[in-house]
Structure formats: C-alpha cells, structure tokens
Amino acid sequence: MEEMKATYIQEANELLENLESSLLSLEDNPNDTSNIEQVFRVMHTLKGNSSMFGLSKIAEFVHDLETIYDKIRQGEMELTKEILNTTLASFDHLNLIIIDSDLEDEKNKENHVVLIHKIHGLIQGSTVSQAVVVPSEIAENTNATVIPDNVLRTYYVHFEPKTEFFLDGSNPLILVAELCQLGKYLVVPHFHKVTSIDDFNPTSCITFWEIYIESGGAKDKIDEVFVFAESNAKIEVVELTSSDLISNKEFAEKVQELKFKDQLIDRDVLFELAARLGKSIVPDLPILPAIDANELLAESKNTQKSETKEKVVSSIRVSSDKLDELMNLVSELVTTQASLTLYNQKNETPELELISENIEKLSRRLRDIAFGMTLVPINNMFSRFQRLVRDVSMALNKEVQFVTEGGETELDKSIIETLTDPLMHIIRNSLDHGLELPDVRERLGKPRKGTVKLKAFYSGISVYIQIIDDGKGIDVNVIREKAVSKGFIKSDDVLTDKEVFDFIFYPGFSTAAVVTDISGRGVGMDVVKRNISELKGSIVVESQVNIGTTLTIKLPLSLSIIDGLLVDVANVYYIIPLSVVDKCYEVDNFEMMNNFNQLLVLDEKQVPFINVRKEFGYEEMSNSEKSQIIVVSDADRRVGISVDHIVGEYQAVVKPIGKYYRNQDFISGATILGDGSIALVMDTHKIIDLYTEHAKFELKS
Amino acid sequence: MKNEHHNDKHMNGETKSFLSFKLGEENFTVPVMKIMEILEVPKITRVPQSPNFLVGVINLRGAVLPVIDTRIKFGMTPIEFTINTCILVVSIEVNEEIIEVGALVDSVSEVFELNTEDIKPAPTLATRYRADYVQGMIHESDHFIMLLNIDKVFSSNDLESITEIKDNSQEEKNN
C-alpha cells in the first residue's frame, strides 16, 4: 500500500507540474481553449487518482476546482484573473496536501476551508451573473427550470457494437458503465446473436444493449460517451419523455419483463408506453440514489480521460535505481569488451576477431540506448521556472515575458536536478537586477514588458543553456571598479571584458546597491559557478549596457561513457574525447623546442600548441624524436596538444578520480583499460584554458 | 607501570582490534574497522601536477582509488618501495561522506587487541605531528605506538596541512 501511495504521489506531482505550466500559459493567453481543456483533463485525472486511493478530501477539492474549468470550457463562465489566482493558490495547497491527505496539519486544514469557500464563491458567482447576462440561453432550454437538478429526461439508447468491436481493444462494458453514471438507468442486454457454442468466437462482439437512462444533462452528454465508438457500433439515442420514467414502477416492470424474455422492445410499444406514463408521473422511490449534478457533468467527460490514458501507455515508469544499475552493467560490459579486444590483438584468432568485433558493435549500441534512457527533456525544468518568473515579477512590480526555447533538448537526469538551483538563482537575478521597472523601460524606448529567455541547444557533445534578458545589462566599468576596490586586481591591470565579468562569480562580489529579499547579497553566483563546475560545465557572461545580459552555461551531455582517443605521454595513458579531436599530425620535436610563440604551422595555418610533456612536468623528449600533435577544437579555437604516441580509439568508462584531485580539474576522470591499467581522461577545454593562461603569464613576467 | 599487564583492570573500557604499521622507524596504529583491505603495490598512475603526497591512482577491481604517501603526509621523506611496502585501503569519513583511499606504508606489523582504557591521551606538546592527527598513545613495552585519527589524517580538505607540515619541518630545521 505504501508503495502504491508513493506511486500516487509521484503521479500527482507530475500532474501538478503539468497543471502549473498550463495555468501559467493560460494566464498569458486566457482564450486558449486547448489549455483550458488541458487544465480540466489534468484535474480530472488527479481527482480520479485521488478517489481511487480513498483520498476523498483531495478528490472533493479537485472536483470543485474542476467544476469551474468545466464551466469555462462550456462557455458558461469567463476565465478571470481572480479564478487564476485562486487556482494557483489551490495548486500550492494541493502540493502540500498530497502528502498530508488527511489534513493533519492545522495550517493546511485552515487553508483548505478558506480555499473551498473561495472556489464555491466563484462557482456561485458565475451562475448568478450567468443568469443576468445570458437569459436567452436559459430560455432556449424549453423544459429547463432554473435549477438544473430538476431537469429530468429519459432516453432510450440502443447500443449495438459491430462484431469486430473488440479488435482495437475497446470494451463495450466500460461504455455502458460510463453511460450509467449519467443517471438512473435500466439496462437490457441482448444475446440474440449468440448461436451455438461451436460457432462461438471469443474475439467477436455479439452482445448488444438497450439502455433506458434518466439524465439531467442533454442528449449530447450521452453522445459524448460514445464518441469513440461511433464508427464501430450502431448507436441510437432517442428521447422518450421529459420526465423520470425509470422511477416509474410500471415502466420498470415492463422493461424487466422484456429483459427476461431477451426480446427487443417494439419501438411503437415503447413510445406509446412512454407517452402514457410520461404524463402521469407518480414520483416513486428512486431505484438508484440520485447523483449530484456536478458529478454528472464531470463524469461525462470520461471520454477525455481515455485520451490522456493513451499518452501514458507510450511510456513506462522505471525507477532510477534500475537505470543506474543498467548503466553500471553497461559500463562493465564496455570494460570487459575492451579486455576481449586486447586479448584478441595478442592472440590473433580469426574466429575470435569476428566475435569480438560483433560484441564491440553490440555493446556500443547498447551503451547508446542505455544512455538515451537516462536523458530527460529539459522542458520539465523549464516549466518549473514559469511559476518562479510569475511570482517574482509580481513581487517586483515588473512586467515580464518569459520565453523558453529548445525545451526538447535532452540532458542526463542527474545533471538536470543539479542544475535547477543555479538556474533559478540566475533567473531571479535577471528579474531583480537585470530588468528595469516598466516606466523606466518606456523612457528608454524599450517595450514595457521585459523579456527573459531561456534557451537550450546542442553543440557537439555539449549542451548549451542560455539565460538572456533585455534589461539594463552589466557595466564592465562598474565591475572593474568594484574588483579594484576589493583588491582582486590593480587599477592598471589589463583585462578583457570576459575576464572582468568573471568577477561576478567571486564569493562576496555584489554590485547591487540595495539588497532585496530576492537577491543582491553577493552570495550565490559563486555557488552557481561551483555547482556548474561540479557538473564539468562552464559559465560565461556577456553583457551590454541597456541592451541586456546573456549567461551561457555549457554542460556535457552525459557524464559516464565517452568515445575517446587513447594516447600515451611519458608512458602514462591519456584519453582525449574524440568529439573534440579535429586532426592528428606528426611533427619533429625540434619544431616544438624553444618555440617562443608556441605556434606550429600545420596545413599552412598557424596553430598554437601545448607541449604536454613540459606542462605536466615530465622529462622532455630529445630533439631527434617525433611527437604526435592532436589538434582539438575548443569553442572557436583550434589548439594542438602534443603526445608521444596515438594508441587508438577507445570507449572510455569515465570514473571520478576523487576529491583529492579537485585541483587537477584538467583531468576529468580516469578509465580502466583492458589490461587493468589506468588512463586519465583529459579535459581539453580546461587544459587549453590553463596553459594558454599560463603562457600569457609567462610572457608578462 | 611499565610492566603492568593490560588485562588487570578492565572495568569500563571495551576491547577493540587495532592494526599497527611502520613509517620509517616509527610505529602507528589504526582501528581495524577502518581498514578495508591490504594490497601489494600495483602499478600506480600518477596524476600530473598533483601535490607530492598524492602518489597517483590505482585500479581496485574496476574502481579508481587514490593513493597517498603517508610518509610525506607526516613530513618524512617520500616512501621507498621495498618488498614490504603495501597499501592499506582505509575507509574514512569526510563531511559525512564515506570515501576510500589507499595509504602507502613501509610495512604492516600486526593486529592486536586492546582495551580502550589503555589508550593514553596524546601529549599536547613534544609531538612532531599535528595534534589533531594523533588520537592517543599506547604504551607497548619499551616504545610508544601512536593511535591515529585516520579521518583527519586523510581528509581531502586538508590539502593545506601539507604546507603547514612543510613550514613546521622548516622551522624545526631552522631551530
């Protein structure tokens, strides 16, 4: 049971997340009917799930909310700001009570009552104004009295599925059951078509039904139940009387009688009977308890439910533990396969070579698929920010348009989880410090509404996430002065803009004059940078005064297995990620010796290079030997990295080398080779950053 | 006092197992519970540009294990590999996180049992080692064994301690 409850909470959280994003887009675009439908559907599913688990308080609460949206959907109510605010407040409340379903927390209990009151107020408010504004509509409903509970109509429904009805997985009993939820009913099943047991074919549908139903709703409520079955069945709905015929004893008896005889009712007899009995209705004890009118409205929408169900079927829920285990096994498989390849190279058995190559191909594919499974679209995270932007901008009295782009970009789930907090911080900063107040913006000739854009895209093995605002930007000079006053730099130091902007990420560095409760205390950006570095990512700020600020975060797609180039330097194996490798050259060592400007001419182009032996503190090779230069691309640069030999391509399962080596972050991890020895994985981006800086420093001193 | 046997007065303390090892001529000990296993020295891959007490990383059945030269950590000369040199795989707790690390030692001596009451507090003065590294002293016949606070000794946050030790040893030399 506990497990089921956990599933429920998990699902409910997902539904709520879904609900929130729909609500927020509704706010921008209140007339978007597809969003209203979406809100309604989500609420409906949530209600269903909740009552399935006996969480009646939640179910009732959602039911009331759902009623509002049903009315909006039907055009009986207009979506107002008030409704949205109440819904969002209810949404927050739901987030809390999903865990506290019995309202044990006093605060929740209190809130619950207040919100229910509010929601009821909204529902009633609407019916009153409805009556005033559109009296004609009510007048059209000939028999309708003002209180909908009293509208009684009895319908005759003939539902005869075609024999192939089962073939697409449809179940006629579900439809019948759904129909019966509309009101009081009498159901007469018919088995005429059943012949002998020998001819019986379990895959064909040979039963059909006659259903008499008293429904408060109009005929289209009944039609809706069959909306997906129409093409597959003969369906006939006839209004018999505008009264409750089902409760009539004589009518019920007649139907029962026919039921036992398994006979189709004669239409003329039926109509005659209905006409006679319809007039002289003696209110009898109801056969079935009457159902709340709201319930009718809601339940009739079960057709929508089946739509959402279809979506769910296309994916299954797997616990991340299982995925982690799978990934570990795949990693081990890749390592084992490497040993096999190594063994084969030593022994050269032709049969084995074929097998080994096949296993290599298979494990590569398996690896790619297993990887794909751990990736989730970044959209899940984006939608969470919608709410943040809304609330923060309201608190700041700013008008903000929040745009997201590239939500389909996929990233490792664990990366996304770690990324949420830093991104939240950056967005908060953009809203608070970046964007100006509407009036100020107008004076500057900008649109009153500021824009914050969250954009994600792939590039190579990296994912880029950008946070772009069109606010007041960051003044390089202000940062510079601040850095000087804090003693980070001297006033005559020459720094590029990028270097100056990097000071934003220093601990305790805030240029905000006023500290607000949203941001400005100067804690945070350093944490942001640290979090992102832990993910092996990097962050860069670009900004122009009065035009805006762009923060670009670069992240690796996944952390654990990479295609690499295995090389050796001074008898130590290194892996260079294949994705950054551009081209390999062979050069004589004397070309690198005493090369003061650290440039090599390769393919008639000048390429800066890093002498790894020298920089890593190994003994340098003699002049007469040759080195391999691996040209790697890093952003818009091409840099050569010198190594002794290239061993070959290698699938590396990257393992962390631990906290002791946190200052050696140009090594992103280690991998175990087929023979059990260790190769270190180079982070070329960091190496280039480190040693080109280093070279600069040497020049200066 | 010197010849008093451990087993005479054990009213309160509990008996625990300890493993003793040598660094140079000095004896050290750690609770056996902290030692996961003892390895012969395999091929060690050095990580470039790392502090000299970090010898490198080894392959411990598919996992990557950092290895520390315990002698350097204690301000001695770097370890010289002999037939007796081995790696203690210790499990330490740093910031509520359990990590494993390999500690290179000159030789492993023995496993012995001792009542915790027999552990004497470490003298605050007159020790060459940082006070927080040494948890207590054990008097064994004619010499002392130092009981190490292994979590402290190998905590990765302590990178700065190396320089401190260096400074100390320099001061000692100057004195």
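User: Why does A:Ala570 count as partly exposed rather than buried or exposed?

Analyst: A residue is buried if 20 or more other C-beta atoms, placed from the backbone, lie within 10 Å of its own, exposed if 12 or fewer, and partly exposed in between. A:Ala570 has 17 C-beta neighbours inside 10 Å, so it counts as partly exposed. This is a predicted model, in which local features need pLDDT of at least 70 and side-chain atom pairs count only at pLDDT 80 or more, while totals for chains, interfaces and linings use all residues. Residues are numbered from 1 along each chain as its sequence is written, and chains are lettered from A, with ligands numbered from 1, in the order in which they are written.

User: What makes the phi of A:Ala570 worth listing?

Analyst: Most residues other than glycine have a negative phi. For A:Ala570 phi is positive, near 50°, and the residue is not glycine. A:Ala570 belongs to the loop between strand S12 (561-569) and S13 of chain A; strands are DSSP runs of E with at least two residues, helices are runs of H or I with at least four, and both are numbered from the N terminus.

User: Why is A:Asn397 called buried or exposed?

Analyst: A:Asn397 has 9 other C-beta atoms within 10 Å, so the label is exposed. Its phi is positive too, about 60°, in a residue that is not a glycine. The loop that holds A:Asn397 runs between helix H15 (379-395) and strand S6 (400-405) of chain A.

User: How do you know whether A:Tyr661 is buried or exposed?

Analyst: A:Tyr661 has 23 C-beta neighbours inside 10 Å, so it counts as buried, although it is found in a loop, the one between strand S19 (645-653) and strand S20 (667-672) of chain A.

User: Which residues does A:Tyr661 touch?

Analyst: Not counting residues up to four places away in sequence, A:Tyr661 touches A:Ile667, B:Val47, B:Ser50 and B:Pro66. Contact requires C-beta atoms, placed from the backbone, within 7 Å. The contact between the chains takes 19 residues from chain A and 16 residues from chain B. On the chain B side, strand S4 (54-60) and strand S5 (63-69) are the elements that give two or more residues.

User: Why is it said that the largest nonpolar core lies between domain 3 and domain 5 of chain A?

Analyst: Domain 3 (320-371) and domain 5 (561-700) both give residues to this core, so it lies between them; the bounds come from an automatic or database domain assignment. A nonpolar core is a set of buried Ala, Val, Leu, Ile, Met, Phe, Trp, Tyr and Cys residues joined through C-beta atoms within 7 Å. This one has 83 residues, and A:Tyr574, A:Ile575, A:Ile576 and A:Ile630 have the most contacts inside it. Beyond four places in sequence, the contacts of A:Ile575 include A:Leu566, A:Tyr650, A:Ala652 and A:Val681.

User: How do you know that strands S9 and S10 of chain B pair?

Analyst: Pairing takes at least two DSSP bridges between two strands. S9 (residues 134-140) and S10 (residues 143-148) of chain B have six, in the antiparallel sense, and thus meet the criterion. B:Ile138 stands opposite B:Ile145 in S10(B).

User: Where in chain A is confidence lowest, and where highest?

Analyst: pLDDT is the predictor's confidence in each residue, from 0 to 100. In chain A, helix H6 (residues 135-140) is lowest with a mean of 40, and strand S13 (residues 572-577) is highest at 92. Residues 697-701 of chain A have pLDDT below 50 and zero contacts beyond near neighbours in sequence.

Note on methods. Contact = placed C-beta atoms within 7 Å.
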